[in-house]
Amino acid sequence: MKSSVLHMGSPLGSRLVVRLGIRGQLLVGLTLAAAGMLWLSLLSAGDGYLAHVFGPLTLAGLGIGLLFVPMTMAATSDVPLHQAGLASGLINTTRQVGGAVGLAVLATVAGGASSPTAGYDRAFTISAVAMLMGAALALMLPKGPRPQSQSPAAEELSSGTK
């Protein structure tokens, strides 16, 4: 389920970033994802799926899906065309390694609690706090102009200049 919501958020993100800008969309995506994680932290053992799991997973998945486009744009926007592949590879590597390290830390937190429910609640809360910290860091990005429908690197390629 969460995977399909991510797939909905990413295409929406590529259109929405033109309106909100990189910083604005990072703030929206991180806030939505944090809200979903905080909602999940309230989950109890006997709660039903539709009322207590579907909603927060949808919210978190949509928020995370909205993050992929502006994160890539922020990481590669001022990179010279001849180094675009390197920058793209670095951001993909940091996503993979960051996800693995984050999962290991959160699983350790969840496993160290006195009960599974308390552990997951704590892990979801820490995840939400990390996302809110990311939103605070996004506020430090320069506001700058809203992205065009085509990136500078794509414009350079289409015009034939280097």
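In which helix is the place of Gln-25? In this predicted model, Gln-25 belongs to helix α1, which covers residues 2-40. Gln-25 is buried, because its relative accessible area is 0% and buried means under 20%. Setting aside neighbours within four places in sequence, the contacts of Gln-25 are Gly-13, Leu-16, Val-17, Leu-20, Leu-66, Leu-67 and Pro-70.

Before going further, a word on confidence is helpful. The chain has a mean pLDDT of 87, and 84% of its residues reach 70 or more. Among the elements of the chain, helix α4 (residues 116-138) has the highest mean pLDDT, at 96, while helix α5 (residues 152-159) has the lowest, at 48.

Helix α4 can be looked at next. Its 23 residues reach 33 Å from the first C-alpha to the last, close to the 33 Å expected at 1.5 Å a residue. Several residues of α4 are buried, namely Gly-119, Asp-121, Ala-123, Ser-127, Ala-128, Met-131, Ala-135 and Ala-138. Ser-127, found in α4, is a good one to follow. With a relative accessible area of 12%, Ser-127 falls under the 20% cut-off and therefore counts as buried. Apart from neighbours within four places in sequence, Ser-127 is in contact with Met-37 and Leu-106.

Helix α3 (84-111) invites a similar check of length. The 28 residues of α3 should span 40 Å at 1.5 Å a residue, and its end C-alpha atoms are 40 Å apart, so the two values agree. The buried residues of α3 are Ala-87, Ile-91, Val-109 and Ala-110. What covers these buried residues includes α2 and α4.

The helices come together again in the description of the largest pocket. About 1,100 Å³ of space lies in this pocket, and 29 residues line it. Nearest its centre lie Ile-64, Gly-98, Gly-99, Ser-127 and Met-131; of these, Ser-127 and Met-131 also appear among the buried residues of α4. Four helices, α1, α2 (49-76), α3 and α4, each supply at least two residues of the lining. Which helix gives the largest share of the lining of the largest pocket? That share, ten residues, comes from α3. By class, the lining has 21 nonpolar residues, six polar ones and two charged ones.

Terms used
Residues numbered from 1 in each chain as written. Predicted model: local features only at pLDDT ≥ 70, side-chain atom pairs only at ≥ 80, totals over all residues. Heavy atoms only, no water. pLDDT = per-residue confidence, 0-100. Expected span 1.5 Å × (residues − 1). Buried < 20%, exposed > 50% of the residue type's maximum accessible area, 1.4 Å probe, protein only. Contact = heavy atoms within 4.5 Å. 1 Å grid on protein atoms, 1.4 Å probe; cavity = no way out; pocket = protein on both sides within 12 Å on 5 of 7 lines; lining within 4 Å. Points joined across faces, edges and corners; volume = space filled by probe spheres on them. Nonpolar A, V, L, I, M, F, W, Y, C, P; charged D, E, K, R; others polar.
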